Amino acid sequence: MSSLVLHHYPASPFSEKVRLAFGYKGLAWKSVLIPAVMPKPDLMPLTGGYRKTPVMQFGADVYCDTQLMMCELDRRYPDCPLLPAAGQASAEAMADWADHTLFLHGVAIAFQPAGMESFAAALTADELARFQQDRASFMDGLRPPSLAVAQARFAFWMDRLQQQLSDGGPWLFGEHPTVADFAVAHPLWFIVSREKLAHTLDPWPKVAEWLQAMTALGHGTEHRFGADEALALARESEPAPLPDGGSEDPGGLRPGDEVSVVATDYGRDPVVGELVYTSPERVIIRRTTPETGVVHVHFPRVGFALEVASGAG
Ligand SMILES: N[C@@H](CCC(=O)N[C@@H](CS)C(=O)NCC(=O)O)C(=O)O
């Protein structure tokens, strides 16, 4: 069976982005359910401290951030490419906008009182308090816009998407879905999957129809997998050969240096390890723990800072 593993939880929108990409590519995968809040004791040995959801794993290689996961999926499974042959830059720029700007506005809309009601109904009062406390420190001062501001901008963006899908389609960039479709879909899915917000897209029927087509891609074939099994898989595997296309780090860091990699937006938990690879697309660091053996942890360059680890050198 495939050794593709996703560490995720069902309500996570960024996980839905990757699950739908698995569906589009028709992949079989192993599904490890992780907690939605810290602590995440079985995930930390794999990532070295990166706590965001989801995390993708192939044997002893661990992938942080969905932007890089999409590139890695195309590298390993070239059929049904997520990066279009023409217009890659436009598709990736739109995905970046959706993963950050649209997502933050989507959070404001999803957590309005009606959305919060559906969300809170599934949790105990204690779980809800833990969730709110966890997210306050996780977002680290980054606040979603007010509901009124979010709704006004959302209406503008949905008008534009409605227009784009009416002019072209059936997908955002024509005949096939791309990274842009997956990135725009997950914040919208996050909103409409709340019972009381299910009709949010009614004023934009083309967008609603497109989102339905996106969710109809499904999740591929999901097999439940234990967190202990994922750790054993890492331990029993060797990291894959480094990808082609490595290049020198413009900041002068070299393979062998002790470095830290940290997200520049939110969830800024540094991961420390030995630098083994840099390219314009990604950074790979090597880490060793008793639970996992040697693992290679991969991060995208965009959205992360690479520095000498404090105390090293
Ligand atoms: N840039 C990240 C964003 C991931 C993200 O914000 N995920 C949310 C869940 S959808 C998260 O990590 N929430 C906190 C948590 O799960 O611990 C990516 O593309 O993977």
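How many nonpolar, polar and charged residues does the lining of the largest cavity have? The answer appears in the first legend below; every view is drawn from a predicted model.

**View 1. The largest cavity and its lining residues.** By class, 6 nonpolar, 2 polar and 3 charged residues form the lining of the largest cavity. A search of the whole structure for cavities of 30 Å³ or more finds 1, and the volume of the largest cavity is about 30 Å³. Its lining consists of Asp61, Tyr63, Arg75, Arg76, Ala240, Pro241, Leu242, Pro243, Ile284, His296 and His298. At least two lining residues come from each of three elements: β4 (61-64), α3 (66-76) and β9 (293-300).

**View 2. Helix α3 and the cap at its N-terminal end.** Helix α3, which supplies at least two residues of the cavity lining, is largely enclosed by the rest of the structure, because 8 of its 11 residues are buried. The buried residues of α3 are Thr66, Leu68, Met69, Met70, Cys71, Glu72, Leu73 and Asp74. A residue counts as buried when its relative accessible area is under 20%. At the N-terminal end of α3, Asp65 acts as a cap. A side-chain oxygen of Asp65 lies 2.9 Å from the backbone nitrogen of Gln67.

**View 3. Thr47 in helix α2 and its surroundings.** Thr47 belongs to helix α2, which spans residues 44-47. Is Thr47 buried or exposed? Its relative accessible area is 0%, so Thr47 is buried. The side chain of Thr47 reaches the backbone nitrogen of Gly49 at a distance of 3.3 Å. When neighbours within four places in sequence are left aside, Thr47 is in contact with Val55, Val62, Cys64, Val271, Arg287 and Val297.

**View 4. The ligand and the residues closest to it.** The ligand is surrounded by 15 residues, of which the closest are Lys40, Arg51, Thr53, Thr66 and Tyr266. Which side chains place a polar atom 2.6 Å from an oxygen atom of the ligand? Lys40 has a polar side-chain atom at 2.6 Å from a ligand oxygen, and Thr53 likewise has a polar side-chain atom 2.6 Å from an oxygen atom of the ligand. In the side chain of Thr66, an N or O atom is 2.6 Å from an oxygen atom of the ligand. Thr66 also appears in View 2, where it is one of the buried residues of α3.

Definitions and conventions. Residues are numbered from 1 along each chain as its sequence is written. This is a predicted model: local features need pLDDT of at least 70, side-chain atom pairs count only at pLDDT 80 or more; totals for chains, interfaces and linings use all residues. Side-chain values use heavy atoms; hydrogens and water are left out. On a 1 Å grid over the protein atoms alone, a cavity is a set of points where a 1.4 Å probe fits but cannot get out, and a pocket is an open set with protein on both sides within 12 Å along at least five of seven lines; lining residues have an atom within 4 Å of a point. Grid points are joined across faces, edges and corners, and a volume is the space filled by probe spheres set on the points. Helices (H or I, at least four residues) and strands (E, at least two) are DSSP runs, numbered from the N terminus. Ala, Val, Leu, Ile, Met, Phe, Trp, Tyr, Cys and Pro count as nonpolar, Asp, Glu, Lys and Arg as charged, and the others, Gly among them, as polar. Buried means under 20% relative accessible area, exposed over 50%, partly exposed in between (1.4 Å probe, protein chains only). A polar contact is a pair of N or O atoms within 3.5 Å; within protein, one must be able to donate a hydrogen and the other to accept it, and residues adjacent in sequence count only if both atoms are side-chain atoms. Contact means heavy atoms within 4.5 Å. A residue is near a molecule or strand if one of its heavy atoms lies within 4 Å of it.
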